Amino acid sequence: MTLFSYCLSIMGEVLKKEAYGLAVKDESGVISPFHFSRRETGENDVRFKVLFCGICHTDLSMAINEWGFTSYPLVPGHEIVGVVTEVGAKVTKFNAGDKVGVGYMVSSCGSCETCTDDQENYCPKMILTSGGKYYDDTITYGGYSDHMVCEEDYIIRIPENLPLDATAPLLCAGTTVYSPMKYHGLDKPGMHIGVVGLGGLGHVAVKFAKAMGIKVTVISTSDRKRDEALTRLGADLFLVSRDPEQMKDAMGTMDGIIDTVSATHPVLPILDLLKYKGKLIMVGAPDKPLELPGKKMVVGSMVGGIKETQEMMDLAGKHNITADIELISADYVNTAMERLQKADVRYRFVIDVANTLKPREKDVRFKVLFCGICHSDLHMIKNEWGISTYPLVPGHEIVGVVTEVGSKVTRFKTGDKVGVGCLVGSCGSCDSCTEGLENYCPKSIQTYGFKYYDDTITYGGYSDNMVCDEGFIIRMPDNLPLDAAAPLLCAGITVYSPLKYHGLDKPGMHIGVVGLGGLGHVAVKFAKAMGLKVTVISTSDSKRDEAINRLGADAFVIKDAMRTLDGIINTVSATHSLLPLLGLLKPKGKLVMVGAPEKPLELPVMPLIFERKMVMGSMIGGIKETQEMVDMAGKHNITADIELISADYVNTAMERLEKADVRYRFVIDVANTLKPTP
Ligand SMILES: [Zn+2]
Ligand SMILES: [Zn+2]
Ligand SMILES: [Zn+2]
Ligand SMILES: [Zn+2]
């Protein structure tokens with residue numbers, strides 16, 4: 001690094017402030033948390049804390065790159081209101097504490113014809129609030145974020161009397177309808193205008209027109225919104241555009257029409273409603289060109305200039321005009337986008353940014369070093385349980401080294417060896433969670449293929465890095481090799497938890513382990529470390545040597561050893577008969593099922609009745625218990641027996657796993673072999 005670039009990078013650091021928001025990362029349009037930086041407050045800049053941000057239909061189009069010019073990450077939002085926290089030395093119009101807003105643009109050239117005419121919205125060099133390129137070549141990030149910084153000339157003052165949440169949409173929707181009404185002289189009392197479409201734009205158009213003393217007719221495709229338009233919004237008339245009679249009666253009656261519909265629709269019948277020299281103003285942007293018969297005047301209009309936006313805002317203050325909104329939390333934004341796509345909103349979503357957008361301060365980020373391949377990964381890949389969503393990134397036996405911790409993380413620091421198992425979240429308040437059994441929480445969030453709190457899909461450990469709330473992170477003992485320790489995070493806890501919970505962990509007890517695979521071989525090791533006598537139960541003699549000599553089991557049976565066992569851990573997921581296993585148990589003995597056969601097994605009830613035997617299931621374990629298990633593994637040097645494979649080999653490994661051809665667990669050498677394809 002040259003001295004020059006070194007200095008630049010230092011200055012770069014000094015001149016930036018950390019920001020936090022929500023961003024779309026790709027064309028899926030899914031919105032997720034995003035850390036970024038904003039410039040330091042410049043001499044002409046106003047910095048403000050964002051309180052609320054409206055969701056404009058444009059945000060949706062940009063998120064999914066409908067217009068082909070979106071660059072990712074995209075932080076949407078251009079209906080932004082908040083409170084000034086800092087002003088630059090040359091700022092004259094604003095002070096800390098002022099209520100302000102930013103709309104569609106954050107800058108323009110300031111010298112072209114449109115700029116001098118206060119129509120910066122048509123300046124060829126206008127810079128969009130979200131997804132635009134700023135002068136320093138950085139991408140502009142919008143209002144789905146904790147704070148904004150913007151030149152004072154592009155800041156709008158919000159009237160004191162207006163509620164900030166319902167005012168936010170005026171900054172785009174409001175100015176979009178207000179500007180053309182003013183510009184085209186459709187603001188004279190006594191005039192008659194039509195408003196096509198009663199959505200985010202249309203309902204505000206009605207309110208402004210009424211405040212201007214104009215007669216308003218709402219034009220809609222169905223009768224459904226008649227009541228709403230007339231009673232609630234105060235429109236004078238309502239026209240169903242599909243009713244030729246109604247349309248005929250209204251022919252030639254309107255001075256102007258604001259068309260807010262962005263779906264393709266016939267324009268001719270609407271034009272017929274206009275008086276001679278009437279004006280049809282298109283503010284919705286249909287995807288495809290509309291057919292335009294040459295006749296009356298058709299004009300387009302896009303938002304408004306800054307001066308005009310301030311005028312609009314002042315008028316709104318005077319007449320108490322705000323949008324009708326649904327206030328939502330930041331967590332709800334993906335669902336809101338889905339609903340917006342179906343026009344299911346009345347009339348604008350506004351995000352309660354200040355109260356609900358919180359940085360995940362308790363997150364731990366770590367570089368993945370190794371990840372075990374669990375049999376569930378195979379089931380999930382093939383959607384055998386019918387719950388998979390694609391793309392699916394499997395892996396829930398994940399170990400690595402911490403690279404970054406959130407500001408409120410207390411238990412971990414950079415460089416720590418950590419792991420994540422099957423869970424990355426739970427409700428935190430139900431009975432199971434309070435008992436430390438998050439694995440049985442009805443709202444538990446699995447490490448992959450599940451919906452996270454923010455509605456994003458969780459991705460597992462077949463990946464370069466993980467980020468997870470510290471409450472779901474396990475500390476790995478220093479003495480264990482990380483590759484062979486990875487399988488403990490699912491296989492280990494799956495067998496450890498029931499041994500503990502069902503009291504099958506007392507030295508001198510005798511337990512059976514059915515099936516000597518990924519789970520079974522770890523069960524033998526833990527049971528021996530607990531001081532138990534262990535009998536491995538298998539369908540064939542082929543694993544006798546392995547069980548006794550390698551894993552340290554005490555006995556190996558194919559069947560007969562009636563009434564000798566206190567408990568059995570049954571790891572087999574193929575369909576099999578339970579009767580012989582129940583026979584091996586002493587009276588009051590416990591058969592714990594941890595393998596999950598696809599079809600129901602036949603349950604012989606007689607042994608349960610006559611000898612009070614019990615059959616029960618168990619699924620992984622809670623976080624506290626998982627930590628205990630890993631600590632015990634550290635103390636006794638328990639790891640899985642693994643085949644370390646490269647990322648390239650994973651499909652072959654899956655095929656072999658399907659045939660149970662693995663001894664006993666595949667672990668992917670993620671850090672050394674998973675490389676992005678150039
Ligand atoms: Zn907008
Ligand atoms: Zn300009
Ligand atoms: Zn697993
Ligand atoms: Zn819970």
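**A look around F238, the chain and its zinc site**

Leaving aside neighbours within four places in sequence, F238 is in contact (heavy atoms within 4.5 Å) with T217, V218, S220, S222, D223, K225, R226, A229, L230 and Q246. This is a predicted model, so local features need pLDDT of at least 70 and side-chain atom pairs count only at pLDDT 80 or more, while totals for chains, interfaces and linings use all residues. Residues are numbered from 1 along each chain as its sequence is written, chains are lettered from A and ligands numbered from 1 in the order in which they are written, and side-chain values use heavy atoms, with hydrogens and water left out.

F238 sits in strand 12, residues 237-240; helices (H or I, at least four residues) and strands (E, at least two) are DSSP runs, numbered from the N terminus. With a relative accessibility of 7%, F238 is buried, a label that means under 20% relative accessible area, with exposed being over 50% and partly exposed in between (1.4 Å probe, protein chains only). From F238 to D272 is 34 residues in sequence and 16 Å in space, C-alpha to C-alpha.

Now for the chain as a whole. Its secondary structure adds up to 23 helices and 32 strands, and its C-alpha atoms fill a box of roughly 100 × 70 × 45 Å along the principal axes. Of the 678 residues, 55% count as buried. Among contacts with a separation of 6 or more, 65% come from residues 24 or more positions apart.

Another buried spot is T639, at 14% relative accessibility. T639 belongs to the loop between helix 21 (623-636) and strand 31 (642-645). Beyond four places in sequence, the residues that T639 touches are L480, P481, A484, A485, L488 and K525.

Then there is the zinc ion (ligand 4), whose protein donors are the SG atoms of C427, C430, C433 and C441, at 2.2 to 2.4 Å. Donors here are N, O and S atoms within 2.8 Å of the metal (3.2 Å for Na, K and Ca); water is not among the atoms, so sites may look incomplete. Along the sequence, the donor residues follow the spacing C-x2-C-x2-C-x7-C. The arrangement around the zinc ion is tetrahedral because the four donor atoms subtend angles of 103 to 114°, and four donors earn that name if all angles lie between 85 and 135 degrees. The ideal angle for four tetrahedral donors is 109.5 degrees. Two of these cysteines are buried: C430 has a relative accessible area of 18%, and C433 comes in at 9%.

Methods:
Tetrahedral: all angles 85-135°; square planar, octahedral: opposite > 155°, others 65-115°.
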